[in-house]
Amino acid sequence: MDYYKITPEETLEVLGTSREGLTIGEAGERQKKYGPNRIEARKKVTFFTLIKRQFRSYLVWLLMLITGVAFGAGFYFNKEEQIIDGVIISIIIIVNVFFGAYQDFKSEKTAELLKKMMKTQALVRREGKEYLIDSEELVPGDIIILKEGDKVPADCRIIEAHFLEADESVLTGESQRVEKFNHAIKRDVPLAERKNMLFMNTYTARGKAECVVTAIGKETEVGKIAGSMEEKEISPFIQEVDTASKKITYVALALIVVVLFTLHAKGHDWLSLFMIGSALVIGSIPEGLPVIVTFTLAIGSLRLAKENVLIKKKSLLETLGSVDVICTDKTGTLTQNRMRVRKLFLNLKGEDSGRIRSLQTEERAVKEFVMCAALCNEAEESSKGFIGNAEDLALINFLSEKGVDVVNLREEHRQISFEPFSSEKKYAISVNMTGRKETFYIKGAPEIILEKCTFIVSGNRKRKIDPKTKEHITRKTHEFSMNGLRNIAFAYSENKGKDWIFIGITGIYDPPKEDVDKVIKTFYEAGIDVKMITGDNAKTAEVIAKECGFKDPKAITWDRIKNMSEEELRRAVKEYNIFARMSPSDKLRIVTALQDNGKRVAITGDGVNDVPALNKAEVGIAMGGGSEIAKEAGDIILLDDNLASMVKSIKEGRTIFSNVRKVINYLLTANLAEVLVIFLGSLYGVTPFTAIQLLWVNFVTDVAPAMSLGVDPPHKDIMKKKPTGKNEKLINKRITLLTVFIGVKKVIVMFGLFMLVYRMTGNLLLAQSMSFTWLVMSHFVRIAAIRFDEGVGLFVNKYLNWSVFIPILFQVLIIHNKTLSKLFHVVEFTMREWMIILTTFVLAIALAKIITAAIDSRLPESERDY
């Protein structure tokens, strides 16, 4: 049906609805008929599908090939040892596949949970009443109400439009806003010219509208092309890890080839060469590293979701850790977005509102102030308390806090007429009756009210207001203004709006949120600069900035930057940290200037006009209470609108970056050392490990401990370090040096232990058993060294504790259980062998600390941690 060709009334008739909306029953029936308003872009992934995915890894197929060769050789040559190897490798394959599928399953569930949290709501009219519902519950024929910044939840025909413009770039590719109307278009037009229609997943960029839903889910225009709109997120962070993995793979393969040729030259048969070569490939190549990073990012996103921070792109967590400038709004972000009375000027003297215990007094000046503030006030009572503009609510709340019953006061002093405040007059007047007595009350701009007044009430006495008194009041008003307060003056008349009597002034303001000063302090300690961009005046912005803990709050206004060149603006953003009287378009210029200065910028926004700046910044932070288009443009959504949540986000980002570096360091030093030890052994015609031992070590010491390291808690000083640089690499100079020198240390200790035992005893099986056991233990030597390097306890991560304890327990069982020792080709140890291993264990940790200290002494302080 081409709904754009017919009138709104005809559309309602065709869809069997009215402007009052569907009945609840009709909506329920249509939900059963049409299903949920959801685009199923991809099928739900089952656990069985995830198991099948594991077989995409070439290493799984290599393990299966090794298993086949082991079984084939065992049965063909009647070698029990090869059959046992085949059984063990088969068990490793099964456990590995199920473990990998389980990790993928957890990642899928995390993604589903985050997707649920990002669901949009729609304002719908049913049975003449308006409801806020999940947009998935919409059905054709529903009447929906849209305002500026809303995401359109379904395809719909416009019934009424008020200055309506839409952003349809997601559908048409055109960035220019489209003006919309409600009348019929009588000819065939393409999608982009159907200006009386709104389409799912587009946005209302301006104005408001009432519409009737014409299509939902797959039947919408965007639903028809949903498959082609699916984008797979490819993170630069993960790409770097993948690239590093490939480089390591090339090095490892080159070494393996050399090892195999050397062993062949020493007389090893082809079967043993195939088994040891395959085991080395599996043990040395960190093919699981990108998967571990993805898992770490997914867990980080889930942790933040529980803290009211919705990360829309997991890869963004790495960027968060390197942010060095945060640009924030003032109202609602730094402040409570709730005006409060801070100062009260009565009886010609000012006083902090907090020091006033009660306003219930017989003093005339106080009584008249209470009457004027309560009665000359546009705030109205509702079922949810008073509603109205911010200034009027501030006065009502102040009176209530000081013991005044505003509702009762209004009943006793009936309002007979009211002249509302206007920006032209700058005052409001209320006329109230107390019994038969008529009183006029006025409030507004101090300079206007003071000019009208002939008298002043001070204490219980009314007197003529002289020039000196007016000068004193003007001076006090200026003092309030200089402290960032918005001033309201009060007066009354007992003579039909003549002979006005001045009462006093209140200074109101939007106070900072609780503990926001601690948040700003944390940002500074973390090496992050904070900029305030506000539409408020410079003085108010500076006062709030000072209370929030800004360093040297210094404001620059729009009229000064509007004509600045790009070079001048780049200098200005270095010098100033407050930008006052700014429009949303100025935000974009400021962000661009900061980026031109080499900064990584995060910026907050909640409105339609904030979208360009949110898109431009490295991290766009949308507020949960903001417009849908801002939330769509943002990378992060603060569901609680609290800047303190950004501290948690940045901390999580830094922790993930640090943890991934630890994982890389852990895996690389371990895996490359195995190849080098085999290589050295090949020069002597021996192999320090058997193939089955290498496979077992890879199975128990790689994936589980690495994933556990990936979810390490943050170390205590992580928010006292400077951000990582804009071009900071995961594998930096420190990680490279640690990998090389710790790896070499590991090779020397491990191969030295093997050769010492072999030469002293002549028992190859005992030497292999000890090097095999030490290889398992050496992985945890590295973890212990990392812990000492960080200055944290060994047991701060319960997942890591178990992933360390269980392999060690298994290793003890393998050595001392006759069946297991036969399977893994080892001999039982005496206390002497265990003491040798423990001694070298301690020696290795000590050497690791010495090597780390030596490397750090040659690096700048900023590069000395993970």
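**Exercises on salt bridges and burial**

K5 has a relative accessibility of 24% and therefore counts as partly exposed (buried is under 20% relative accessible area, exposed over 50%, partly exposed in between, with a 1.4 Å probe and protein chains only). The model is predicted, so local features need pLDDT of at least 70 and side-chain atom pairs count only at pLDDT 80 or more, while totals for chains, interfaces and linings use all residues. Residues are numbered from 1 along each chain as its sequence is written, and side-chain values use heavy atoms, with hydrogens and water left out.

**Exercise 1.** Identify the salt-bridge partner of K5 and classify its exposure.

Step 1. K5 pairs with D2 in a salt bridge (a side-chain nitrogen of Lys or Arg within 4 Å of a carboxyl oxygen of Asp or Glu), and their closest N and O atoms are 3.6 Å apart.
Step 2. The relative accessible area of D2 is 36%, so D2 is partly exposed.
Step 3. For context, the structure holds 46 salt bridges.

**Exercise 2.** Determine which elements are tied together by the salt bridge of R340 and E401.

Step 1. The N to O distance between the two side chains is 3.0 Å.
Step 2. R340 belongs to strand β10 (residues 340–346) and E401 to helix α14, so this pair ties together parts 61 residues apart in sequence; helices (H or I, at least four residues) and strands (E, at least two) are DSSP runs numbered from the N terminus.
Step 3. R340, at 28% relative accessibility, is partly exposed, and E401 is partly exposed at 42%.

**Exercise 3.** Describe the setting of L395 in helix α14.

Step 1. With a relative accessibility of 1%, L395 counts as buried.
Step 2. Leaving aside neighbours within four places in sequence, L395 is in contact (heavy atoms within 4.5 Å) with V341, A373, N377, K443, I488, F490 and T506.
Step 3. The C-alpha atoms of L395 and F418 are separated by 17 Å, the two residues being 23 residues apart along the chain.

**Exercise 4.** Analyse the salt bridge between E567 and R571, then state which network includes both residues.

Step 1. The side chains of E567 and R571 meet at 3.6 Å, N to O.
Step 2. Both lie in helix α21 (residues 566–575), where their spacing of 4 residues separates them by about one helical turn.
Step 3. E567 is partly exposed, at 39% relative accessible area, and R571 is also partly exposed, at 48%.
Step 4. Salt bridges with shared partners join E567, R570, R571 and D596 into one network.
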